[in-house]
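Hi everyone, thanks for coming. I'd like to walk you through one model today, so let's put it up on the screen.

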Amino acid sequence: MRYDEELPLWRIWKVRLTAFVFLIAVICLTVLPLWQKIGIQPTLLLIILYHWTLYRSDLISIEQLVLISLIQDGIYAYPLGFSALRLLMGYTLLTTQRRILSHQRFLWVWGGFGVFTLIDGLIYITLLSCVKHEWVGLLPLIPSFTMTIGIYPLTIWVMNRYIMKRLPA
């Protein structure tokens with residue numbers, strides 16, 4: 001074996017580590033004070049999770065999702081495991097629909113993301129209501145979800161153009 005060849009296992013871990021660092025950066029982007037001033041906070045992690053689950057499922061493992069969600073719980077001060085349950089339920093839903101959505105036109109994929117965001121919002125509201133022991137309304141989250149659905153094409157374009165090219169294949 002030559003020294004310039006990489007081991008396949010190391011290549012897989014390098015790709016996953018790069019994706020993990022990118023996801024941490026995305027979580028940090030959503031905590032910026034800019035979103036506080038606007039009053040609407042997009043859920044960029046959902047966009048990345050949706051796109052990578054459909055088209056690059058090798059970048060996300062369940063272990064990474066749990067670790068990312070624990071970090072997200074710490075940043076947002078959620079109860080431990082709140083985001084893990086939410087992300088794993090969404091990830092499981094996406095893996096069941098992956099074969100259908102991955103070969104569709106962009107408008108269908110975007111519509112599927114809208115449905116996925118709605119389902120994720122319902123999961124979030126249900127979990128948050130269980131934690132707070134009172135019903136939390138869906139209306140305050142509608143602007144955030146609308147913005148998330150609206151910036152989906154731009155986010156995917158930027159991610160495919162600049163970030164996905166730099167990830168090792």
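Let me begin with a lining: by class, the second largest pocket is surrounded by nine nonpolar residues, one polar residue and no charged ones. Before I go further, please keep in mind that this is a predicted model.

So which residues line this second largest pocket? They are Phe22, Val26, Leu29, Leu44, Ile48, Leu154, Thr155, Val158, Met159 and Ile163. The elements that contribute two or more of them are α1, α3 and α8, the last running over 152–163. Helix α8 gives the most to this lining, with five residues. As for volume, the second largest pocket holds about 170 Å³ of space.

Now to the largest pocket, where we find about 490 Å³ of space. It has 22 lining residues, and those closest to its centre are Gln41, Thr43, Tyr78, Leu141 and Ser144. Here the classes come out as 14 nonpolar, seven polar and one charged. Which element gives the most to this lining? That would be α7, with three residues. At least two lining residues come from each of α1, α2 (33–38), α3 (44–55), α4 (62–76) and α7 (142–150). If you have been keeping track of helices, α1 and α3 are on this list, and both also turned up at the second largest pocket.

Let's move out to the surface, and stay with α1 for a moment. A nonpolar patch is formed there by Leu9, Trp10, Ile12 and Trp13, with about 480 Å² of accessible area together. Ile12 sits in helix α1, which covers residues 8–29. Ile12 counts as partly exposed because its relative accessibility is 44%.

Last topic: charges. How many salt bridges does the structure hold? Two. In one of them, the side chains of Asp120 and Arg86 meet at 2.6 Å, N to O. This pair ties together distant parts of the chain, with Asp120 in helix α6 (residues 106–132) and Arg86 in helix α5 (residues 82–101), 34 residues apart. Are these partners buried or exposed? Asp120 is buried, and Arg86 is buried as well.

The other bridge joins the side chains of Arg56 and Asp58, at 3.1 Å from N to O. Asp58 has 38% relative accessibility, so this residue counts as partly exposed.

That's my tour, and I'm happy to go back to any part of it. Thanks for listening!

Terms used. Residues are numbered from 1 along each chain as its sequence is written. This is a predicted model: local features need pLDDT of at least 70, side-chain atom pairs count only at pLDDT 80 or more; totals for chains, interfaces and linings use all residues. Side-chain values use heavy atoms; hydrogens and water are left out. Patches are made of residues with over 30% relative accessible area and no salt bridge: like charges are joined within 9 Å, nonpolar side chains (Val, Leu, Ile, Met, Phe, Trp, Tyr) within 5 Å. Accessible areas come from the Shrake-Rupley method with a 1.4 Å probe; for residues, only the protein chains shown count as cover. A salt bridge is a side-chain nitrogen of Lys or Arg within 4 Å of a carboxyl oxygen of Asp or Glu. Helices (H or I, at least four residues) and strands (E, at least two) are DSSP runs, numbered from the N terminus. Buried means under 20% relative accessible area, exposed over 50%, partly exposed in between (1.4 Å probe, protein chains only). On a 1 Å grid over the protein atoms alone, a cavity is a set of points where a 1.4 Å probe fits but cannot get out, and a pocket is an open set with protein on both sides within 12 Å along at least five of seven lines; lining residues have an atom within 4 Å of a point. Grid points are joined across faces, edges and corners, and a volume is the space filled by probe spheres set on the points. Ala, Val, Leu, Ile, Met, Phe, Trp, Tyr, Cys and Pro count as nonpolar, Asp, Glu, Lys and Arg as charged, and the others, Gly among them, as polar.
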